[in-house]
There are 4 protein chains.
Amino acid sequence: MIQITLIQIDNYGPWTVTPNPRRESDLQALQSRLYCDLNLQFGAHKGLVFYTRFDNLIAITNGIDLTTHERIQNSIKNRYPFTVSMAVASAKTPYEAQKLATRKIQEHGSAQDEYRKEVLDVANDFLDNGYVQLAHVDINNITGTLTDLENAYDTYLSVKEVQLKLMKELKKYGAMGFFIGGDNFMCPCNGMTESDFINMFNDIEESTGVELKAGIGIGKTAEDASNMADIGLELIRDGKTECQVCTLNYENHSIKKKSPKNFLCPI
Amino acid sequence: MIQITLIQIDNYGPWTVTPNPRRESDLQALQSRLYCDLNLQFGAHKGLVFYTRFDNLIAITNGIDLTTHERIQNSIKNRYPFTVSMAVASAKTPYEAQKLATRKIQEHGSAQDEYRKEVLDVANDFLDNGYVQLAHVDINNITGTLTDLENAYDTYLSVKEVQLKLMKELKKYGAMGFFIGGDNFMCPCNGMTESDFINMFNDIEESTGVELKAGIGIGKTAEDASNMADIGLELIRDGKTECQVCTLNYENHSIKKKSPKNFLCPI
Amino acid sequence: MIQITLIQIDNYGPWTVTPNPRRESDLQALQSRLYCDLNLQFGAHKGLVFYTRFDNLIAITNGIDLTTHERIQNSIKNRYPFTVSMAVASAKTPYEAQKLATRKIQEHGSAQDEYRKEVLDVANDFLDNGYVQLAHVDINNITGTLTDLENAYDTYLSVKEVQLKLMKELKKYGAMGFFIGGDNFMCPCNGMTESDFINMFNDIEESTGVELKAGIGIGKTAEDASNMADIGLELIRDGKTECQVCTLNYENHSIKKKSPKNFLCPI
Amino acid sequence: MIQITLIQIDNYGPWTVTPNPRRESDLQALQSRLYCDLNLQFGAHKGLVFYTRFDNLIAITNGIDLTTHERIQNSIKNRYPFTVSMAVASAKTPYEAQKLATRKIQEHGSAQDEYRKEVLDVANDFLDNGYVQLAHVDINNITGTLTDLENAYDTYLSVKEVQLKLMKELKKYGAMGFFIGGDNFMCPCNGMTESDFINMFNDIEESTGVELKAGIGIGKTAEDASNMADIGLELIRDGKTECQVCTLNYENHSIKKKSPKNFLCPI
Ligand SMILES: Nc1nc2c(ncn2[C@@H]2O[C@H](COP(=O)(O)OP(=O)(O)OP(=O)(O)O)[C@@H](O)[C@H]2O)c(=O)[nH]1
Ligand SMILES: Nc1nc2c(ncn2[C@@H]2O[C@H](COP(=O)(O)OP(=O)(O)OP(=O)(O)O)[C@@H](O)[C@H]2O)c(=O)[nH]1
Ligand SMILES: Nc1nc2c(ncn2[C@@H]2O[C@H](COP(=O)(O)OP(=O)(O)OP(=O)(O)O)[C@@H](O)[C@H]2O)c(=O)[nH]1
Ligand SMILES: Nc1nc2c(ncn2[C@@H]2O[C@H](COP(=O)(O)OP(=O)(O)OP(=O)(O)O)[C@@H](O)[C@H]2O)c(=O)[nH]1
Ligand SMILES: [Ca+2]
Ligand SMILES: [Ca+2]
Ligand SMILES: [Ca+2]
Ligand SMILES: [Ca+2]
């Protein structure tokens, strides 16, 4: 079971144009700063946040209780010109969890209901023994095939195309995909297997010509899972694996003592 | 003529995994903070930056000279664990300008060339009398049709689909499109007409069912143009226009004295 | 027993002038940002940081273990152009604790030893049942006596004079004092009594003419203690106390249910 | 003539306790972030800001016009939970300039007048040919005499004592002094001579035992002046000067081509 939190800025649309529209460079600075803070503050508790639509953000929050959510919500209220609502939910798949979390916020009122402020609710019980499975997906040699060859916008367009395909494919498995910069995507994918990814990557290569690889990490928190996923990606880069997908489970993996280079890819 | 600057982090891929991979919530905080600072610093000179791929960012920099670019580049070097390269170019269309800027950076070396640091170059002469035309594109009533009804991820998926269609359509005109949060896109589109937009919006509505509107601003700088685009969007919302597209030119528009509500949509 | 952490930037002096001196507005932005992040990240665990000398910062970290310190240290390394060393110590008085923490960092090498990086050490055992006593000291009506009357620099000079007197007086009790903005000082003061403060305030009023008040909070963490101190200050402002000092203990104080206005000042 | 801007947060005291007091680590993060942004935004125009009391900040703004001040004020309004007032003034000495600026803000109302928001005013005409003289004062070998030997708090206390003495001495000349971290002070000092500084340093050494040095920079903007001051400090460190004070004028100093090490200290 994975735990997802949906964070939604309260009545943000109206705020951006009242009393008058606001300078766009300021809104970009403000939105990206909120996103930065949320990753520092949820990150302090081993969580991970995805900017998603900037006014609605999806976070993986296994291990983070309601009081901690409240303190972060309160911190935003103390420092920003708006407030945020949060709902937490757990489910077998990430897609299902965010669905429950969204519904829970919606029960309290519209995103643009001027009276609905700082919702803090849970859709179901907090997890004892949940886990996070994260695939860190990466394009092979984007530098040599696109960044150094094509113009910046076409490279960007190509990456967005891959992103949309990936997101649609992942959804079939109840998984989600988020762009995290460069040629990288972080995909909460509890329940998916390496075969699922290999098949998906073959399809995407056929339709776009782009080759993908993925380190898949499993851990009790988003941080543990993503650290494992990163190591898996490096094992692939170092040629220590047979295939383009490598799964590492935090429980089996002693990161401090052993060098990761001793680990075979546990298919 | 529009002036575009491409900003590229030097050797960032290797840095993210040397000596070991880095915690993803930290990389998200770092990348979004760089993006925030660039909007504050270029914004201080009436520029506007789009996060694009976070390691490669596209900015509209009409009116901003090379010395100012250098001071911003130097400021990044003083405060970040990496450096950035910048190239500036002007052209009739935004797409052409970023193409020239990209080529200029590429002439100096690979994005992952460990010896290429802090490129600062221009593809052609700085503009005397350039202008910026920006379309602030927005989905009609996303709150009532998606945000309050659908789950957060499906709403996100829908917005990404609209984004991809919009980007591909705009490219035909040499224009670009960037997601700026919520249901909003900012599109540098020098040379495009309102008819172009109306036709494009009809096509998108037919294929996705989503209705778009756009305020189009024209000004000497990105800030002037985007402020006009925002006002145009409000005129549409206030029912003061016939169509779903409204163009305002900063030169004709005295923002301080007159109330914008006196302005008809100058088709 | 209070737990104090000393945070020291590694080899910062040389870094600021190598290869050349750096723009001062950038150094100010960088230093204040590190301070901001440390308060967000230690704050996420109910700690509190004081900027002190900006290259050496003192924090109250009751309840925060070594692993959490390490994760914050690692986060700084991932996002800043330098690294920080940290040492943790507990003692009966704040002054004694920071003394032990300083010595522990010094044992590992000079602040400008280029090979000494990311020290992470403890002077003694982590606390089970420590507590934090914080006095939030405030000048009476600075707005009416100084801010609205005097010029900004002379008001500033007056506040700095009060700060120095306060710091010297507090040191006699093994307590410390830090300026936190405006006319406010936060003073870790485990072991001090309200009488100690009242006497100290009388002396300061005699020599400077400035009237002080203080809310004193006691709690298991810096956050609980400072929240109590803030409430104490409000009780004084509301005239609900006899004297200019008011102590509240988090254990006796139910902040959620009861209105603080029911509480008499427990002298 | 130097140009000073006083920046004052509107009605901040009441905001910090309404409806309830706010978590202190959040207020520290908020205040330091405002300070950081002001240095990035005024810094983008070659200005320099000193945190002063955090709710009242003093900046050197030679070369920065009223429109630019307004855009920064507007940017704060767009991104913070409060607004700021600003007043600009020029005078022969920094002390006199801030005095005129303070009076100008006070004419509009109290710092805690709930109806006084976003004052933007000037005390006198903007300068055509003003200049900035900045002394970057630094303690000799603080690392070897204090940082590596004494405990952090006593070192901090020593630096605060030096700061107060320095501020009081400087005031006699109509100059100001601000702590900028470590063992460093930045002192706007238009009109002062090197002899003034040498005498002042002798007095301070006699009373505190602390040895000071200073690079003094003269330029059209705060940035030019502080860059010169930094170079002057390095010349002293490199033993290229006779005395502990070194003045460099930006006009005489070609920073790009010639190595600063060719320059003798122009006493
Ligand atoms: N968010 C995030 N982005 C990363 C990470 N690693 C790399 N990137 C991004 O990916 C970009 C490209 O780097 P690489 O993927 O290493 O380069 P490549 O040319 O594709 O090389 P290979 O992936 O090794 O084939 C970088 O510029 C970063 O923007 C990471 O761990 N997290
Ligand atoms: N970047 C940016 N985002 C905006 C702006 N205005 C609104 N948004 C975003 O758009 C989201 C939806 O707001 P609206 O577009 O006003 O809401 P709506 O329901 O679509 O209403 P209408 O557009 O009036 O039909 C907000 O939550 C913001 O994220 C803006 O000026 N800039
Ligand atoms: N760090 C911090 N600063 C505060 C806090 N409360 C107020 N301040 C600062 O103190 C300044 C003055 O506010 P007050 O102390 O309320 O004003 P005053 O005129 O002295 O009024 P009284 O203290 O009620 O006599 C504000 O502008 C803030 O800078 C707080 O909780 N924390
Ligand atoms: N704001 C600011 N602080 C600085 C600057 N240079 C150094 N510092 C601070 O001063 C501290 C001590 O560095 P130094 O002054 O180089 O060290 P020192 O031991 O005193 O050596 P000398 O000054 O060369 O005698 C650093 O840790 C920084 O905090 C600067 O340019 N600006
Ligand atoms: Ca790659
Ligand atoms: Ca909309
Ligand atoms: Ca007060
Ligand atoms: Ca020094």
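Which residues coordinate the calcium ion (ligand 8)? In this predicted model, the donors are D:Asp138 (OD, listed twice), D:Ile139 (O) and D:Asp183 (OD), at 2.3 to 2.7 Å. Local features need pLDDT of at least 70 and side-chain atom pairs 80 or more, while totals for chains, interfaces and linings use all residues. Residues are numbered from 1 along each chain, and side-chain values use heavy atoms, without hydrogens and water.

**Calcium sites**
- Donors are N, O and S atoms within 2.8 Å of the metal (3.2 Å for Na, K and Ca); water is not among the atoms, so sites may look incomplete.
- The donor residues of ligand 8 follow the spacing D-I-x43-D.
- D:Asp138 lies in strand 6 (residues 132–139) and D:Asp183 in the loop between strand 7 (178–181) and strand 8 (184–188) of chain D, so the pair ties together parts 45 residues apart in sequence; strands are DSSP runs (E, at least two residues), numbered from the N terminus.
- D:Asp138 and D:Asp183 are buried, meaning under 20% relative accessible area (1.4 Å probe, protein chains only).
- For the calcium ion (ligand 6), the donors are B:Asp138 (OD, listed twice), B:Ile139 (O) and B:Asp183 (OD), at 2.3 to 2.7 Å.
- B:Asp138 is buried at 2% relative accessibility, and B:Ile139 at 5%.

**Aromatic pairs**
- Over all chains there are 65 aromatic pairs, counted when ring centres of Phe, Tyr or Trp (its six-membered ring) lie within 6.5 Å; stacked means planes under 30 degrees apart.
- D:Phe50 and D:Phe178 are stacked, 4.3 Å centre to centre with 0° between the planes.
- This pair links strand 2 (residues 48–50) and strand 7 of chain D, 128 residues apart.

Terms used:
Chains lettered and ligands numbered in written order. Helix = DSSP H or I, 4+ residues; strand = E, 2+ residues; numbered from the N terminus. Buried < 20%, exposed > 50% of the residue type's maximum accessible area, 1.4 Å probe, protein only. Phe/Tyr/Trp six-rings, centres within 6.5 Å; stacked < 30°, edge-to-face > 60°.
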